[in-house]
Protein chains: 2
Amino acid sequence: MQLRMTNQREIILRELKKSRQHLSADELYDKVKKYMPRISLATVYRNLEILSEAGFIGKLEISGRQKRFDYDVTEHDHVYCAVCHRVDNLNIERQGLHTREIKSVKGYSVTGYRLEIVGICPACQKKAKQEKKK
Amino acid sequence: MQLRMTNQREIILRELKKSRQHLSADELYDKVKKYMPRISLATVYRNLEILSEAGFIGKLEISGRQKRFDYDVTEHDHVYCAVCHRVDNLNIERQGLHTREIKSVKGYSVTGYRLEIVGICPACQKKAKQEKKK
DNA sequence: TTAGTTTTAATAATCGTTATTATTTATGGA
DNA sequence: TCCATAAATAATAACGATTATTAAAACTAA
Ligand SMILES: [Mn+2]
Ligand SMILES: [Mn+2]
Ligand SMILES: [Zn+2]
Ligand SMILES: [Zn+2]
């Protein structure tokens, strides 16, 4: 079950890694179009799904928002801005947390967890401060 | 800023509390229709939003899924089944976790966090086991 | 070369949710 | 009580994100 690395997939993957951001499908579509103007948005969606299934990229399902895709496949959590929806990485030790929580979930066979810190990013804080002294 | 408790709101609230589950808008719509057959789905959506805004109920935005509404407004986290999307409550001490994570989010002004344990619920485990010995 | 498989672009369809609008219902004085 | 106006509703259209369909194109293996 090996994955054929088509031109489309190559460029999608390259642009995501290049960005070093947590991009949504349509943001990535805009970037990819620069190199492949005839690509379809559905192709981007389909291949992002395939690439994440194959472990080349991560898929982030932030609550109540668009999916975002992650250039970094190592296990880590995220913080996101409630105002502009920017997503940033978080580096905390997962092990301790994981095993501690598992115990309290009786009946379920636990496969993982998702931790989202919610807040306001530096840029949006600054913007809010400037608003106030209008 | 007081909220008028209309018949619609009363019944929506009552049925959610009665269920003691984490219902989606359309699941709740089905229950409410039994008592108020002419109610509109949009009314259910609108009032769930209003009721959660006013603190009568909780709103759960599980990653990549339909919103669910919570009869229990006290702070707690959730576990959900990756197969059937059932959501259950989790009782873990929030304090320790919260303050520990905050430190690693430099720049952001943190307003909260969301922890989702993902797994397979007892019912779905059983079903999978029966599948295997087909 | 050719037949079969996979992928693609284009586009339609779906799903959950929110917006619009005309009508109904509640409220608070004259 | 009557009226003005404000709020809420039912019905339905519109929306944004995503997935499904399909006919054509590109690839693969014999
Ligand atoms: Mn990341
Ligand atoms: Mn709950
Ligand atoms: Zn921000
Ligand atoms: Zn289940």
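This passage describes two metal sites, one binding zinc and one binding manganese, in a predicted model. Local features required pLDDT of at least 70, side-chain atom pairs counted only at pLDDT 80 or more, and totals for chains, interfaces and linings use all residues. Residues are numbered from 1 along each chain as written, chains are lettered from A and ligands numbered from 1 in written order, and side-chain values use heavy atoms, without hydrogens and water.

The zinc ion (ligand 3) is held by four sulfur donors: A:C81 (SG), A:C84 (SG), A:C121 (SG) and A:C124 (SG). Their distances are 2.3 to 2.4 Å. Donors are N, O and S atoms within 2.8 Å of the metal (3.2 Å for Na, K and Ca); water is not among the atoms, so sites may look incomplete. Angles among the four donor atoms run from 106 to 113 degrees, and the zinc site is tetrahedral (four donors, all angles between 85 and 135 degrees). Along the chain, the spacing is C-x2-C-x36-C-x2-C. A:C81 is buried (under 20% relative accessible area, 1.4 Å probe, protein chains only), at 0%. A:C84 is partly exposed (20% to 50%), at 39%.

The manganese ion (ligand 2) has protein donors B:H22 (NE2), B:D70 (OD), B:H76 (NE2), B:H78 (NE2) and B:N89 (OD1). These lie 2.0 to 2.3 Å from the ion. Their sequence spacing is H-x47-D-x5-H-x1-H-x10-N. B:H76 sits in the loop between β3 (68-70) and β4 (77-81) of chain B, and B:N89 in strand β5 (residues 87-90) of chain B, so the pair ties together parts 13 residues apart in sequence. Strands are DSSP runs (E, at least two residues), numbered from the N terminus. B:H76 is buried, at 15% relative accessible area. B:N89 is partly exposed, at 29%.

Terms used:
Tetrahedral: all angles 85-135°; square planar, octahedral: opposite > 155°, others 65-115°. Helix = DSSP H or I, 4+ residues; strand = E, 2+ residues; numbered from the N terminus.
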